[in-house]
Amino acid sequence: MAIYLLEIIVIAFLGLLTNNKKRHNSDKLFCIAAFAVVIIVAGLRKYTIGIDLEGQYARMYSVIGEMNWSSIFQLRYEPGYSIFCKLLSYISKDQQFFIFATSFICYGAIGRFIYQNSEDVRLSTLLFIMCNFMFTYMNVIRQALAVAIILFGIDFVKKRQYVRFAAIILLASSFHTSALIASLMIIFSIIGYKRK
């Protein structure tokens, strides 16, 4: 637990150091530094951190790496996730590599999203960590990867490029079917937001 408290203190300190509105790119510098800390801590965690990570994701990553392509689609996972793991295993079959790679993708997407969309990147980052989302992402890897894909495609909704965003949703749902709920973003974008 001490490592996570230290992480929060370091990120809060980084927020103080970079909180200079006169300095160009201070928000960008903060996001890069803060999420580098998050990625390092999450990426270097042991495979036993998180019930799902220990019970299935880390173990099955090694199994998927050893399976042939036709067999990976017989697993209980969505096909996009199985393909992702198989491709990643060509780089390394080591479980720690899998943990670091998924941490980089998931938390990198959050950092990018916060930088591009938050009016207060320091507060948003600390809320992400202190409201337990960071820790949840250490456990629910398929869902976190699906969210990362959605976040990378969020600009399509802003530009009202709904067909492209629908393709992003389908890709994300190939990692975890719950990503289909992001379809509501298209509906809300079309009908608009009203106070009521």
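Leaving aside its neighbours within four places in sequence, Met134 is in contact with Tyr4, Glu7, Val38, Tyr107, Phe128 and Ile129 in this predicted model. Met134 is also one of the residues with the most contacts inside the largest nonpolar core, a group that includes Tyr107 and Phe128 as well. The points below move from that core to the aromatic pairs, then to the salt bridges, and end with a pair of helices and a surface patch.

**The nonpolar core**

- The largest nonpolar core has 55 residues, and those with the most contacts inside it are Tyr81, Phe98, Tyr107, Phe128, Met134 and Phe165.
- In soluble globular proteins, nonpolar side chains tend to be buried together.
- Two of the core residues that touch Met134 are Tyr107 and Phe128, and of these Tyr107 is buried with a relative accessible area of 1%, while Phe128 is buried with a relative accessible area of 8%.

**Aromatic pairs**

- The structure holds 12 aromatic pairs, and one of them joins Tyr107 to Phe128 in an edge-to-face arrangement, with 6.2 Å from centre to centre and 75 degrees between the planes.
- This pair links distant parts of the chain, with Tyr107 in helix 6 (residues 95-117) and Phe128 in helix 7 (residues 121-130), 21 residues apart.
- Tyr107 and Phe128 also belong to a cluster in which ring pairs link them with Phe35, Phe133 and Tyr137.

**A salt bridge between buried side chains**

- By the rule applied here, the count comes to four salt bridges, and one of them brings together the side chains of Arg142 and Glu78, at 3.0 Å from N to O.
- Arg142 lies in helix 9 (residues 141-158) and Glu78 in the loop between helix 4 (69-72) and helix 5 (79-91), so this salt bridge ties together parts that are 64 residues apart in sequence.
- Both partners count as buried, which takes a relative accessible area under 20%: the value is 8% for Arg142 and 12% for Glu78.

**A network of salt bridges**

- Side chains of opposite charge can pair when their charged atoms come close.
- The side chains of Arg112 and Asp155 meet in a salt bridge of 3.7 Å, N to O, and because Arg112 lies in helix 6 while Asp155 lies in helix 9, the pair ties together parts that are 43 residues apart in sequence.
- Asp155 also forms a salt bridge with Lys158, where the closest N and O atoms are 4.0 Å apart, and these two residues, being three residues apart in helix 9, are separated by about one helical turn.
- Arg112, Asp155 and Lys158 are in this way linked in a network of salt bridges.
- Each member of the network is partly exposed, with a relative accessible area of 28% for Arg112, 22% for Asp155 and 49% for Lys158.

**Helix 4 and helix 5**

- Ser82 is found in helix 5, where it counts as buried because its relative accessibility is 0%.
- Not counting residues up to four places away in sequence, Ser82 touches Ile64, Ile72 and Tyr77.
- Trp69 is found in helix 4 and is partly exposed, with a relative accessible area of 32%.
- With residues up to four places away in sequence again left out, Trp69 touches Ile83, Lys86, Leu87 and Tyr90.
- Trp69 and Ser82 are 13 residues apart in sequence, and their C-alpha atoms are 9.3 Å apart in space.

**A nonpolar patch on the surface**

- Ile181, Leu184, Ile187, Phe188, Ile190, Ile191 and Tyr193 form a nonpolar patch on the surface, and together they have about 770 Å² of accessible area.
- Ile190, one of the residues in this patch, lies in helix 11 (residues 183-191).
- Ile190 counts as exposed because its relative accessible area is 53%, and the cut-off for that class is over 50%.

Terms used: Residues are numbered from 1 along each chain as its sequence is written. This is a predicted model: local features need pLDDT of at least 70, side-chain atom pairs count only at pLDDT 80 or more; totals for chains, interfaces and linings use all residues. Side-chain values use heavy atoms; hydrogens and water are left out. Patches are made of residues with over 30% relative accessible area and no salt bridge: like charges are joined within 9 Å, nonpolar side chains (Val, Leu, Ile, Met, Phe, Trp, Tyr) within 5 Å. Accessible areas come from the Shrake-Rupley method with a 1.4 Å probe; for residues, only the protein chains shown count as cover. Helices (H or I, at least four residues) and strands (E, at least two) are DSSP runs, numbered from the N terminus. Buried means under 20% relative accessible area, exposed over 50%, partly exposed in between (1.4 Å probe, protein chains only). Rings of Phe, Tyr and Trp (its six-membered ring) pair if their centres lie within 6.5 Å; planes under 30 degrees apart count as stacked, over 60 as edge-to-face and the rest as tilted. A nonpolar core is a set of buried Ala, Val, Leu, Ile, Met, Phe, Trp, Tyr and Cys residues joined through side-chain atoms within 4.5 Å. Contact means heavy atoms within 4.5 Å.
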